[in-house]
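Reader: I have a sequence and a model on my screen. Please show me how to read the helices and what they pack on.

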Amino acid sequence: MTDTKREYVVRPDEKGSINISEDVVAAIAVSAAMEVEGVGEFSPNAAGRKKNAVKGVKLTIDGDNVVVDLQIMVKYGLPIPTVAQNVQEAVFNAVESMTELKVCQVNVRINGVAFGEDVISAQ
């Protein structure tokens with residue numbers, strides 16, 4: 001039987017509660033990272049991810065605090081540390097502004113380099 005249970009971040013509100021799916025938080029992170037110049041794609045096998053997690057993203061949520069772990073490929077020819085730092089900043093800002101969660105860390109793992117359509121991976 002397939003597990004369809006979803007994980008939610010619950011935010012109490014004076015009129016009730018707001019439930020944000022962890023998949024939504026992960027999708028925000030992916031969208032923000034993909035807008036960064038130099039991000040080739042997300043790694044297809046994020047270790048330790050939940051069944052319903054977005055590809056290449058792992059979230060650790062504790063109350064209103066979140067740690068985002070991303071696994072990406074970087075386009076050839078761009079400085080990897082700069083791309084990774086830009087991804088960290090973009091994801092941090094997007095997740096905090098859209099969800100009002102406190103982002104404690106954005107960890108970026110570079111799993112390979114993308115050469116156009118071809119990808120060389122360190123996996």
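Author: Start with helix length. The expected span of a helix is 1.5 Å times one less than its number of residues. Keep in mind that this is a predicted model.

Reader: How many residues does α2 have, and what does α2 span from its first C-alpha to its last?

Author: α2 has 20 residues. From first C-alpha to last, α2 reaches 28 Å, close to the 28 Å expected.

Reader: And where are the buried residues of α2?

Author: Buried means under 20% relative accessible area. In α2 the buried residues are V83, A84, V87, V91, A94, V95 and T99. Viewed down the helix axis, these buried residues fall within an arc of 105°, so they line one face of α2. P81, Q85, E89 and S97 are exposed on the other side of α2.

Reader: What do the buried residues of α2 pack against?

Author: Contact here means heavy atoms within 4.5 Å. The partners are β1 (8-13), β2 (16-21), α1 (22-34), β3 (39-42), β5 (65-75) and β6.

Reader: Now α1. How does its span compare with the expected value?

Author: Use the same rule. The 13 residues of α1 should span 18 Å, and the end C-alpha atoms of α1 are 18 Å apart, which agrees. The buried residues of α1 include V25, I28 and V30, and also E22 and D23. Among the elements covering the buried residues of α1 are β4, β5 and α2.

Reader: Which residues have the most contacts inside the largest nonpolar core?

Author: They are V57, V68, L70, V87, V91 and V95, in a core of 27 residues. α1, β3, β4 (57-62), β5, α2 and β6 each give two or more residues to this core. The largest share, seven residues, comes from α1.

Reader: How do I read the pairing of β5 and β6?

Author: Check the sense, then the bridges. β5 and β6 are parallel and pair over 11 bridges. One bridge joins N65 to K102 in β6. The chain runs from β5 through α2 to β6, a β-α-β crossover that is right-handed.

Reader: What is notable about the phi of E100?

Author: Most residues other than glycine have a negative phi. E100 is not a glycine, yet its phi is positive, about 60°. E100 follows α2, in the loop between α2 (80-99) and β6 (102-115).

Reader: Is E100 buried or exposed?

Author: The cut-off for exposed is over 50% relative accessible area. E100 has 59% relative accessibility, so E100 counts as exposed.

How values were computed:
Residues are numbered from 1 along each chain as its sequence is written. This is a predicted model: local features need pLDDT of at least 70, side-chain atom pairs count only at pLDDT 80 or more; totals for chains, interfaces and linings use all residues. Side-chain values use heavy atoms; hydrogens and water are left out. Helices (H or I, at least four residues) and strands (E, at least two) are DSSP runs, numbered from the N terminus. Buried means under 20% relative accessible area, exposed over 50%, partly exposed in between (1.4 Å probe, protein chains only). The arc is that of the directions from the helix axis to the C-beta atoms. A nonpolar core is a set of buried Ala, Val, Leu, Ile, Met, Phe, Trp, Tyr and Cys residues joined through side-chain atoms within 4.5 Å. Two strands pair if DSSP finds at least two bridges between them. A crossover is right-handed if, with the strands pointing away from the viewer, the path from the first strand over the helix to the second runs clockwise.
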